[in-house]
Amino acid sequence: MDVALPMTALVVLICLGMPIAYALGVTGAVGAAMAIGWMPTLGVLQTTPYRTAANFLLSTIPLFILMAELLARSSIVRNLYRMCFLWLGHIRGGLALAAVAASTGFAALAGSSTAAAAAMARISVPEMRRYGYDDRLAVGTVAVAGTLSIMIPPSLGLIIYGVLTETSIGSLFMAGVVPGILTAAGYVTVILLWVKRRPDIAPAAPKPPRAERVASIRPVWPAAVLVGLVLGGIYSGAITATEAAAVGAMGALIIGIGWGGLRRSEFAEALRHTLRSTAMIFAIVIGAMIFGYYLAATRAPQELIDWVGTLPLPAWGILLVIVLIYLVLGFFIDQLAIVILTLPLTFPLVMSLGYDPIWFGIIVTKTTEIGLVTPPLGMNVFVAASASNTRVETGFKGVMPFLIGEFVVLGLLIALPELSLWLPGLIAY
Amino acid sequence: DDTITLRVAHSYPVRHTGAQAMEYWGKLVDEQSNGRLKFEIYPAEQLAKSSDLLDAAINGIADIAYAAPLYISDRLPLSTIAAVPLVGNETDPRAQVKAFSTLALGTLNEVEFLPQGVRVIEAAVTYPYQLMTTKIRIERPDQLQGVKLRSSGGIQERSVEAMGAIPVAIPAPDLYPALQRGTVDGSLFNVPTAGGYKLEEQLRYSTNNLNFGLFPSIYVINETVWQKLPEDLQNLLIKTGKEMDIFLDKLYGERAVTFAADLEKRGGAVYDIAEADLPLWAERLKPVQADWVKEFDGRGMPASRVYQEWEALLTR
Amino acid sequence: MTLIDRAVQRLEALLDGAAMLALIVMMLLTVADAGGRYLFASPVTGAYEITEFYLMIAVVFFGLAGTERTNGHVRVDLVLAMMPPRLRFGLDTLYLLAAAVLFGLIAWKAGDTAWMNLKANRWTGGAMPLPTAPSWAIVSLGAGVLSLRLVLRACLLIPAIITDQPPAAPMSDGHATPSPARPGR
Ligand code: NA
Ligand code: NA
């Protein structure tokens, strides 16, 4: 059966600007009709959309997004940034460091990287501009640091990986902690080296009085409570990883209204944006599923795996090829679509090479983090730039120095699986 | 040439026992038909989600598909009979498989499958679901009051409730940590599958002689495809399917032995409920059986007939 | 044309409202289930199934059309932005119509399944049985309205191809802020 035609059509249509979800669905359906006939294809269209949505595990997607949207609209994140700002602002590059620190905190609260980038861009970029920071540093930092949200638990990326590969979501969450901290450390290193070479891009800010700094800690308590509620809830066994999303959203709502100045109109707005993001994500998942069934019917995936298996490469060589493919795809295609389209192929292959499923989840997530900020399609850069009224090109320029750090961290994670597996092994989650 | 190739779709991951069994079945078919009939196997939900595999066979996406009635109880309500707890007194797994095969290829085909355009060619059940716990050894149902048990929904959820325990829905891959963290105190599970999730590392006790239902596995073929097959190949499919059952039974038997040994190593046991206490369990679970019959009879299905036949097949 | 547009927009607003309600109920139900189980040893019977078969389906499918109207579906518009407007409108029209056919088929098959499940009186098998027909009907309605919205957008674009001018009335969503976040990954 001819795989080349629908495959080429898919790539061309995506490049020519067809919405990714539609491109996947349409080429998948036409391809399936060519491969197995029209009646069976109608059968695929009958069951696939329904079954994709009717999934209890995936209810975490809208609920974690809702949580992030609620947090981004209340003063919780603002207070978090303010604290980091007061404590770190006076160091050279300190406002950017504060953005990384606050993003790390936000990442422990919420699982959606674009929501993180949007919230932090609105809060911290104006602040950095006020002190004369270069836009490239400001927007680059915010875009990159936003991706921490999918590595540090809770994480939508890890949830989707867990659902697709039947890997324990709790263990994946645990495994993301150390790589997340390592990633944040990478960002800090890049910022420090960057401002050391170019002090002019980050003028020093005055050191606030000690009393003011100490006072800034108190308003952060709602954030701490929420982290305790969600992660504490999961790891104490009170709630399942799936339920944590609902508990987190509910907590964000209550704290937002009670202590975060969340208005009713903002609640409605959060709901609406959650709906938009959810529909957008699921449209892609549905399209990718239809395309996936077409691919499977051609047996191309199986043959590809068999072929890769015969390559005269050691296991790590094959793994590096796969990682490279993820990075290259990440330049052009939506991260979620990549994961859904490729995992059914790469996961069994990587498992057959004897690698750990949890560790591979972390590696895939790391490439996803990178893909979110690489041009030409770098969703986090788009979001950070638009939320701070900056040009997208400026954002991409600002991201470049961080990419070096990203690749170093990726290399470490690949070379030292213990970095990912140590914590889940220790707590045996 | 006159080689017939059938697209076979199932949901087991590639390295799962179920997937190995399918490979084995395909090999038997190829060999015994001298290459006239071949399976082209699509594992791991490649052609359809497990809940949609029945439709995949109906719609012609696949020729043969694995249908798990418990995942699609809305579509195969009568086939969930196997999951009804404590029916009959047969405890030998091989006899249970044989009984279900008889029911499925006969009555269930007639009342449930053929009207939907597919035909059962192979049917089996797993080892009976047992009560497995992390800390407490349960002897009588009243000890289960307020105990949190993972259930996979459907009839199992009703059984858990009938025993006074609290059903908790947890996806199988997350059951291990849920047991460890105490999100649940135990689970209804069957021995061969529990071993697959390494649950013996967290469990300590498992009953041996209860029967919280059996997990039915059914393979259906598109009826149009079936009618086009020559009769000798039709017979061959059914015969080789039964040979696959023997292959699986052997694997399950080995797993059951290691599972019991693992629990003992942890200071626990696979134990029998005392004969004298068995009626206590039967009494608790009677309403689940009665409800099953009443509910589907009420929807105009021949549930009484299926239940009586199943009970007769499972009574020594 | 604007009349039809307004009617569809009203329909979308209705579906949006239903989806938001479903989202809130999903949150409350899951919290009640987990909290009830942990604190009072009494979970909510059927919470899992209601979320899976009704609420998730509603949140996803009722939100589709509104997302299309507000250009919420991700695309790579790098090459598109460099094209002459007429070519761009032409391509967009093709995309919209192709997607309209796809979701039209999805709506039709889901509606068909809803009808069959209704006729066969199919229910889920848990401790709290639920009829399955309504959940398929939600898919059919959501996908159907999306298909309608796609056709409508295509119809509004066709004059633009001829006149080489962008379509007259940009269809607003009522709330002006551009989506700051397309969270997800
Ligand atoms: Na996170
Ligand atoms: Na990218």
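Guide: Helices, taken as H or I and at least four residues long, and strands, taken as E and at least two, are DSSP runs numbered from the N terminus. In this predicted model, chain A holds 21 helices and 0 strands.

Visitor: How many helices and strands does chain B have?

Guide: Chain B has 10 helices and 11 strands.

Visitor: How should the radius of gyration of chain A be read against that of a compact globule?

Guide: The globule rule is 2.2 Å times the number of residues to the power 0.38. For the 429 residues of chain A, the rule gives a value near 22 Å, and chain A has 22 Å, so the two agree. The C-alpha atoms of chain A fill a box of roughly 70 × 45 × 45 Å along the principal axes. For chain B, with 316 residues, a compact globule would come near 20 Å, and the chain agrees at 20 Å. The corresponding box for the C-alpha atoms of chain B is roughly 65 × 45 × 35 Å.

Visitor: What do burial and exposed area say about each chain?

Guide: A residue counts as buried under 20% relative accessible area. In chain A, 66% of the 429 residues are buried; in chain B, the share is 60% of 316. Chain A exposes about 14,000 Å², of which carbon and sulfur atoms supply 70%. Chain B exposes about 12,100 Å², and there carbon and sulfur atoms supply 50%.

Visitor: Where do the charges of the two chains lie on average?

Guide: One compares the centres of the positive and negative sets. Chain A has 24 positive and 19 negative side chains, with centres 13 Å apart. In chain B, the mean positions of 32 positive and 42 negative charges are 4 Å apart.

Visitor: What share of the contacts in chain A joins residues 24 or more positions apart?

Guide: Among contacts in chain A with a separation of 6 or more, residues 24 or more positions apart account for 80%. In chain B, 77% of the contacts between residues at least 6 apart join residues at least 24 apart.

Visitor: Which residues does Y161(A) contact beyond its neighbours in sequence?

Guide: Y161(A) is placed in helix α9 (residues 156-165) of chain A. Leaving aside neighbours within four places, Y161(A) is in contact with T167(A), L172(A), L343(A), F347(A), P357(A), F360(A), G361(A) and V364(A). Although Y161(A) and F347(A) are 186 residues apart along the chain, their C-alpha atoms are separated by 10.0 Å. Y161(A) has a relative accessible area of 1%, and is therefore buried.

Visitor: Why is helix α19 of chain A described as largely enclosed?

Guide: The reasoning rests on counting buried residues. Helix α19 (residues 379-387) of chain A has 7 of its 9 residues buried, so the rest of the structure largely encloses it. Those buried residues are M379(A), N380(A), V381(A), V383(A), A384(A), A385(A) and A387(A). Their cover includes α7 (113-130), α8 (135-146) and α20 (392-415) of chain A. Just after α19(A), N389(A) takes a positive phi of about 55°.

Visitor: How can a database annotation be set beside the model?

Guide: One takes the annotated span and reads its geometry. In an unreviewed entry, UniProt lists residues 9-419 of chain A as "domain: TRAP C4-dicarboxylate transport system permease DctM subunit". That span is 79% helix and 0% strand, and its end C-alpha atoms lie 41 Å apart.

Visitor: Which residues of chain C does the annotation "transmembrane region" cover?

Guide: The unreviewed UniProt entry gives residues 21-40, 46-66, 87-108 and 133-152 of chain C. Residues 21-40 are 100% helix, with end C-alpha atoms 26 Å apart. Residues 87-108 are also 100% helix, and their end C-alpha atoms are 32 Å apart.

Methods:
Residues are numbered from 1 along each chain as its sequence is written. Chains are lettered from A and ligands numbered from 1 in the order in which they are written. Side-chain values use heavy atoms; hydrogens and water are left out. Buried means under 20% relative accessible area, exposed over 50%, partly exposed in between (1.4 Å probe, protein chains only). Contact means heavy atoms within 4.5 Å. UniProt positions are given in the numbering used here, feature names are shortened, and annotations may be inferred rather than shown by experiment. Accessible areas come from the Shrake-Rupley method with a 1.4 Å probe; for residues, only the protein chains shown count as cover. Lys and Arg count as positive and Asp and Glu as negative; His and the chain ends are not counted. The place of a charge is taken as NZ of Lys, CZ of Arg, CG of Asp or CD of Glu.
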